[in-house]
Amino acid sequence: MSWINESGPARDVVLTSRIRIARNIAAVPFPSIMQPHHAAEVAEKVKKSLYNKKAEAGSTFAFMYIRDVPAVERQILVEKHLASQDLMESYETSALLLDSKEKIAVMINEEDHIRMQCILPGFQLNQAWEKLNRVDDMIEADLEYAFHEQLGYLTCCPTNVGTGMRSSVMMHLPALTVNKQMNAILHTISKIGLTARGIYGEGSEAAGSIYQISNQITLGPSEEELINNLTITCRQIIEKERIARKALHKTTGIQFDDAVWRAYGVLRNARTLDIKEFMAYISQLRLGVSMGLIPGFSLEDVDSLMTAGQPAGVMKKTGQIIQGRDIDEARATVIRDAVDELLESRKNRKEG
Amino acid sequence: MICQECGQRQATVHLTKIINNHKTELHLCEECARQREDFIQIPSFSVNDLLAGFMDLGHSQPAVEKPVSSQCAACGMNYNQFKKIGRLGCQQCYQYFGNELHPVLRRIQGNTQHAGKVPKRSGSGLLIKKQINQWKAELKRAVELEAFERAAELRDKIKELEQSQLKEGDRK
């Protein structure tokens, strides 16, 4: 089970909270110039300190070399945000340690020797840092990190030096987007050392009104201070979005309900769905579900649909690499089946 | 749009060539584009390029191509190379490129003093130093308050810790 099916605080607005830290092993060249034997050495060392060990209660670390992971599975790891595209591209030397609950992932030989992250459902940055900090301690007990008294943890790119930490919150902000307030928000947060980008989509366009907000600076403030800054900012955005949702519902009335139900109707019945259209309807549906407009549907259900409809999610079902019209058709089928399944399980639960 | 060459990755490089009134268009991914000789250097805009821009800004005379003598003795990376790829080669690079890197760090991070987590292992020296400084401050206060018993106690503690650190240094 992964974060997608779990509930979490402020889940109506926040999909996930994520903390990532970058580390390098002392006296080994950085991945930018290292030789294959260095890469193998790093992978084996990190594997030794984490493999089969406890990540948290009831969960242990599995280890895989990316070269042994099938192409579709690789793409799924990327779409679940458990590994990066960069890691997949250096597949000959890279590896991944993944805890069985899919909350903690340790990428090996990406831009830095070690890039570890903890991803949790909803708004819980502090908890994510606590868990990750423990894993960092586990590795540190066995290995010496590249560390400098003044500059902190040394990273391959100077933009990560210091704490090596990037904390980020993935948010669904449909009402603020409709009200055209996003640009102002993005502009403001950039002034306090934070940055935002749309995910699921290309360039600046945020497909499905989903944004990721994270800290830009890594050197100077402590980990706790960085997390605190982000938490305070996000809390305000969450409140603004909630107010905007209520206002939107109040002012547009039946049109609001109609848009939500139409989105539901399309997702349940469409025969072909391109990704852009899919994300637009999922966003609409999620907005409706967050306001309790669609009985029997939870936010977790919607988020699992969102993942299922991404390219890798669809390809996992079809078992082959497809694109263009083929994937649009397959996506519609995958989503129809998934909605049917959800409704069926609801019915059974009621009867049982 | 999908790359015309590999048919897999997203095409991000779009090129129109006109030779003798004959127009050809090509849509490629960065990787395939790089491999084509007829494109020589495709200017792309990435974080690394941005960073490279900062490297020059870090100096008082950005326009002058300065002779590059600075090279990391540990891994062989030279500063120009770093400017190009935006990535360092090893931890020693931070030492060898210190003069160049400092203004850059101040610019992109706004700060050059780490205040976060310290690894117990490689950072133990730093932790001891922090402790010694703390005790020294306490000692000063104790003397001011004429709490000599406490001051003597602190003085001994500091001495002990400083000596243990010296021994540690000898072993290395």
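# Exercises on a predicted two-chain model

At 56% relative accessibility, A:P36 counts as exposed. Buried means under 20% relative accessible area, exposed over 50%, and partly exposed in between (1.4 Å probe, protein chains only). The model is predicted: local features need pLDDT of at least 70, side-chain atom pairs count only at pLDDT 80 or more, and totals for chains, interfaces and linings use all residues. Residues are numbered from 1 along each chain as its sequence is written, chains are lettered from A and ligands numbered from 1 in the order in which they are written, and side-chain values use heavy atoms, with hydrogens and water left out.

## Exercise 1: A:P36 and B:H27

Place A:P36 and B:H27 in their elements, and classify B:H27 as buried or exposed.

Step 1. A:P36 is found in helix α1 of chain A, residues 36-50. Helices (H or I, at least four residues) and strands (E, at least two) are DSSP runs, numbered from the N terminus.

Step 2. Take A:P36 with A:S94. The two are 58 residues apart in sequence. In space they lie 10.0 Å apart, C-alpha to C-alpha.

Step 3. B:H27 sits in strand β2 of chain B, residues 22-28. B:H27 counts as buried because its relative accessibility is 15%.

Step 4. List the contacts of B:H27, leaving aside neighbours within four places in sequence. They include B:M1, B:I2, B:C3 and B:Q4. B:A11, B:V13 and B:H14 are also in contact with B:H27. Contact means heavy atoms within 4.5 Å.

## Exercise 2: the make-up of chain B

How many helices and strands does chain B have, and in what pattern?

Step 1. Count the elements. Chain B has seven helices and two strands.

Step 2. Read along the sequence. The pattern is β-β-α-α-α-α-α-α-α.

Step 3. Check burial. Chain B has 172 residues, and 30% of them count as buried.

Step 4. Check contact range. Take the contacts in chain B with a separation of 6 or more. Residues 24 or more positions apart account for 31% of them.

## Exercise 3: chain A against chain B

Describe the interface of chain A and chain B by residues, area and polar pairs.

Step 1. Count residues. Chain A gives 45 residues to the contact and chain B gives 35.

Step 2. Take the area. The two chains bury about 3300 Å² between them, with 54% of it on carbon and sulfur atoms. Buried area is the accessible area (1.4 Å probe) that two parts lose on being put together, summed over both.

Step 3. Find the top three contributors on chain A. A:E149, A:Q150 and A:P158 supply 19% of the area that chain A buries against chain B, more than any other three residues.

Step 4. Apply the salt-bridge rule: a side-chain nitrogen of Lys or Arg within 4 Å of a carboxyl oxygen of Asp or Glu. It finds four salt bridges across the interface of chain A and chain B. One of the four joins B:K117 to A:D137, with the closest N and O atoms 2.9 Å apart.

Step 5. Add polar contacts. The rule finds 17 residue pairs across the interface of chain A and chain B (both at pLDDT 80 or more). A polar contact is a pair of N or O atoms within 3.5 Å; within protein, one must be able to donate a hydrogen and the other to accept it, and residues adjacent in sequence count only if both atoms are side-chain atoms.

Step 6. Assign elements. On chain A, α4 (125-142), β7 (147-148) and β8 (152-153) each supply at least two residues of the side that touches chain B. α4(A) gives the most, with seven residues.

Step 7. Sort that side by type. It divides into 21 nonpolar, 14 polar and ten charged residues. Ala, Val, Leu, Ile, Met, Phe, Trp, Tyr, Cys and Pro count as nonpolar, Asp, Glu, Lys and Arg as charged, and the others, Gly among them, as polar.

## Exercise 4: α2(A) and the two domains

Which element gives the most to the side of domain 1 of chain A that touches domain 2 of chain A?

Step 1. Set the bounds. Chain A is divided into domain 1 (3-242) and domain 2 (254-351). Such bounds come from an automatic or database domain assignment. The domain centres, taken over C-alpha atoms, are separated by 27 Å.

Step 2. Take the area. The domains of chain A bury about 1800 Å² between them, 69% of it on carbon and sulfur atoms.

Step 3. Count the polar links. There are two salt bridges across this interface. Residue pairs in polar contact number six (both at pLDDT 80 or more).

Step 4. Name the elements. β1 (14-23) and α2 of chain A give two or more residues to this side of domain 1. α2(A) gives the most, with six residues.

Step 5. Look inside α2(A), residues 71-79. Its buried residues are A:V72, A:R74, A:I76, A:L77, A:V78 and A:E79. They pack against α3 (85-89), β4 (95-99) and α11 (311-318) of chain A.
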